[in-house]
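Please look at the chain shown below and follow it step by step, beginning with a sheet, moving on to the helices beside it, and ending with a single residue and its surroundings.

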Amino acid sequence: MSIVRKPFAITLDVGSSRANHTGAWRTERPVYVHNLPPCNNACPAGENIQQWLYHAEEGSASPPGGQPPGPPDTGGYEAAWRQIMEDNPFPAIMGRVCYRPCETACNRAQLDSAVGINSVERFLGDEALRQGWQVPVAAAPTGRRVLVVGAGPSGLSAAYHLTRLGHQVTIKDAGAEPGGMMRYGIPKYRLPRDILDAEVHRILDMGVTLELNAKVTDILTEMSEAAGGHGEAESGFDAAFVAVGAHIGRRAYIPAGDSARIMDAVTMLHSMEDGSPPLLGRRVAVYGGGNTAMDAARTARRLGASEAVVVYRRTRERMPAHDSEVEEALEEGIQMRWLSTVAHADEGKLLIEKMKLDDTGFPQPTGEFEELEADCLVLALGQNADLSVLEGVPGVTFSDNVVEVGPDLMTGYPGIFAGGDMVPAERTVTVAIGHGKKAARHIDAWLRGGAYAAPAKHDLAASEKLNTWYYADAPATVRPRLEAARRVTTFDEVTGGLDESTALFEARRCMSCGNCFGCDNCYGVCPDNAILKLADGEYEVDYDYCKGCGLCATECPCGAIDMQPEPT
């Protein structure tokens, strides 16, 4: 008689393997967790990026009649867009002007390259405009009225979220058109005005009142009067959010002759919107090293300047401008004069002094000078917000040309909140949008007599917890761009968007860091059949049989299972 020897596990069927309750052998147990994806953590607007990418992976799928109002619970592009709109009302704008801190934090960059989150967001934003998707206001009216000063990204974001919470919102802005620095500070080649107008008007269509050419000079008087100033029966405003953009260019003393032509970059870019573009001449020098300096130099080229030179007193590595902006400027023929400062300006020329960095990285003069031909000098040395709207308000304090606010963005005067460029923070559109959402939540809580408490954050989904072997190489999709030769002759948009196939591919590159996406790995590798697959697509551990071997946690691609000590 011959004995067939097989591994013990192969001689067991499902029934026999569950004959013994082996869970008592365990010293630690697997637990399904929801960790915080690094992209979500890095987003200044607080978007649930991983969730909307998960919806976008389903493509154009949508239930009959479209997505219902409220948080999306089914997949598809519309569900993905609605998930974005829970936090950010400007996906088409942000898909063009955001500097993508989410992609800098993306764990996928350690495998091949970061997920093109920004390009997918732009696709979804553009798709919403094509399809005419709207956001309903489901909240019951509260009867409370909020004044928003400034129709820029922060003010519009606050108005959007406050309206969704049931409050009546009036925006007052000194400009002739809404958008703030999105319109008057970002050139058309980066942000087409039809996209800006469409996303702004979607907010207004929700019932937000907008008053243009209406500069607010006395916030307390404005709040005490009836909205619109037409004598309505309403009593005035119950709270205010002040979000005036940084429309004032900083000046610096530069010795100059009487015939020298000097202007600031903020004024230059603003003039592009009021129909009177500046006459800069053939040779233009831009003094500064930020994103505004890049925009000014690139705009000068499009206005006909044959030479545009950026003069900056430090090196490229220390330039505050984002690297993508610098690269695009160089592609368009913008010249860079590193370690240089303007010592004197005269008609048709500048006197440039060479600089060197000391041990602390601070630029020091060298005493070496050279001439630079320039018909015009554009100063891009930073910007300030007009704080006069809050001057004289009891309890409101200022520091370093910004308003001091608490963690809830409220100033020292109860009921007056501030955000965007007016408060200490990075000055980007994304940060401003996040301020608007944050302020809306705190204003809502304040009006209801309470305080808003942000939910606790989960642990960060670290890259070392991922099992990247399971993810195939899939290099990021590159967005099309206009050729450099065409760019300098037109204000047409430089960077194009993805089509449906490439957007879908890019969404599916997401590794779902720290959160289960239903791959069945744990279900398939468990030697004790202790992983139960539930009807809703989630999983559960049957601790009667789990021996705590940890195989499920080891083989989880996205690090959504933790091994935790057995409770005693």
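In this predicted model, a good place to begin is an open sheet of five strands, whose order is β4-β3-β2-β5-β18 and whose pairing is parallel. At the edges stand β4 (209-211) and β18 (416-418), and because each has a single partner strand, one side of each is left without a neighbour in the sheet. If direction is ignored, neighbouring strands of this sheet are turned by 20° against each other on average. As background, the strands of a sheet pair through backbone hydrogen bonds, and this pairing can be either parallel or antiparallel.

One pair of strands can be followed in detail: β3, which covers residues 168-172, runs parallel to β4 and is joined to β4 by three bridges. Within this pair, Thr170 is found opposite Thr209 of β4.

Two helices pack on the sheet, and they can be taken in turn. Helix α8 (residues 153-164) touches β2 (145-149), β3 and β5 (239-242), and the direction of α8 makes about 165° with that of β3. Helix α15 (residues 429-447), in turn, touches β2, β5 and β18, and the direction of α15 makes about 165° with that of β5.

How do α8 and α15 meet, and at what angle do they pack? Their axes are 7 Å apart and the packing angle is about 35°, while the crossing in which α8 passes α15 is right-handed. On the side of α8, the contact is made by Pro153, Ser154, Ser157, Ala158, His161 and Leu162, and among the residues that α15 contributes are Val429, Ala432, Ile433 and Lys437. Sorted by class, this contact between α8 and α15 has eight nonpolar, five polar and two charged residues.

It helps to step back to the whole chain, for which the domain assignment gives domain 1 (16-34 + 516-565), domain 2 (145-247 + 384-447) and domain 3 (256-378). The centres of domain 1 and domain 2, taken over C-alpha atoms, are separated by 50 Å.

Finally, consider Arg314, which lies in the loop between β9 (307-311) and α14 (323-331). Is Arg314 buried or exposed? Its relative accessibility is 18%, and because buried means under 20%, Arg314 counts as buried. Leaving aside neighbours within four places in sequence, Arg314 is in contact with Trp338, Leu339, Leu357, Gly361, Phe362 and Pro363. Pro101, by comparison, is 213 residues apart from Arg314 in sequence and 24 Å apart in space, C-alpha to C-alpha.

Definitions and conventions:
Residues numbered from 1 in each chain as written. Predicted model: local features only at pLDDT ≥ 70, side-chain atom pairs only at ≥ 80, totals over all residues. Heavy atoms only, no water. Domains from an automatic or database assignment. Helix = DSSP H or I, 4+ residues; strand = E, 2+ residues; numbered from the N terminus. Buried < 20%, exposed > 50% of the residue type's maximum accessible area, 1.4 Å probe, protein only. Contact = heavy atoms within 4.5 Å. Pairing = 2+ DSSP bridges. Axes fitted to C-alpha atoms, helices over the stretch in contact; angles between N-to-C directions. Left-handed = near helix turned anticlockwise from the far one by under 90°. Nonpolar A, V, L, I, M, F, W, Y, C, P; charged D, E, K, R; others polar.
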